[in-house]
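Work through the exercises below with the sequence and the model in view. Each task is followed by its solution.

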Amino acid sequence: MEIHGAGGPQGPQPIYPRLASFSVESAANAPAAAPKDQVEISQLGLVLDGIHSLPEIRHEKVEAIRQQIAEGTYETPEKLDRALDNLLSELSGF
């Protein structure tokens with residue numbers, strides 16, 4: 001008794017004859033393009049990265065400013081002008 005695989009004694013026959021010239025062996029020998037990894041960083045990731053690069057909190061300076069605010073001596077016209085100038089220069093960078 002002989003047992004033949006798919007397609008009988010002639011072997012498998014192509015379903016689509018126009019694709020018959022394409023073989024798995026020839027595709028395996030063809031040089032494949034090397035896959036490339038790609039990384040995309042979201043806006044949230046950029047913000048979090050910026051937060052991690054901030055300097056350490058200087059607690060003694062924070063405490064001194066809290067004391068000045070409590071005494072009512074922190075806000076002066078010069079400080080407000082400087083803060084406004086800094087804000088405007090930051091906003092012009094966008």
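**Exercise 1. Confidence.** In this predicted model, find which element has the lowest mean pLDDT and which the highest.

Solution. Start with the whole chain: the mean pLDDT of the protein is 81, and 68% of the residues score at least 70. Then go through the elements: helix 1 (residues 24-29) has the lowest mean, 56, and helix 3 (residues 59-71) the highest, 94. Where pLDDT is low, predicted coordinates should not be read in detail.

**Exercise 2. Fold and exposure.** State how many helices and strands the protein has, and what percentage of its residues count as buried.

Solution. The protein has four helices and zero strands, giving the pattern α-α-α-α along the sequence. Of its 94 residues, 1% count as buried. The exposed area is about 9,500 Å², of which carbon and sulfur atoms supply 59%.

**Exercise 3. A surface patch.** Decide whether V47 is buried, partly exposed or exposed, and name the patch that includes V47.

Solution. First place the residue: V47 lies in helix 2 (residues 43-52). Its relative accessibility is 47%; partly exposed covers the range between 20% and 50%, so V47 counts as partly exposed. V47 joins L44, L48, I51 and L54 in a nonpolar surface patch, and together they have about 490 Å² of accessible area.

**Exercise 4. Helix length.** Compare the expected span of helix 3 with the distance between its end C-alpha atoms.

Solution. At 1.5 Å a residue, the 13 residues of helix 3 should span 18 Å. The end C-alpha atoms are 18 Å apart, which agrees. After helix 3 comes G72, with a positive phi near 80°.

Definitions and conventions:
Residues are numbered from 1 along each chain as its sequence is written. This is a predicted model: local features need pLDDT of at least 70, side-chain atom pairs count only at pLDDT 80 or more; totals for chains, interfaces and linings use all residues. Side-chain values use heavy atoms; hydrogens and water are left out. Helices (H or I, at least four residues) and strands (E, at least two) are DSSP runs, numbered from the N terminus. Buried means under 20% relative accessible area, exposed over 50%, partly exposed in between (1.4 Å probe, protein chains only). Accessible areas come from the Shrake-Rupley method with a 1.4 Å probe; for residues, only the protein chains shown count as cover. pLDDT is the predictor's confidence in each residue, from 0 to 100. Patches are made of residues with over 30% relative accessible area and no salt bridge: like charges are joined within 9 Å, nonpolar side chains (Val, Leu, Ile, Met, Phe, Trp, Tyr) within 5 Å. A salt bridge is a side-chain nitrogen of Lys or Arg within 4 Å of a carboxyl oxygen of Asp or Glu. The expected span of a helix is 1.5 Å times one less than its number of residues.
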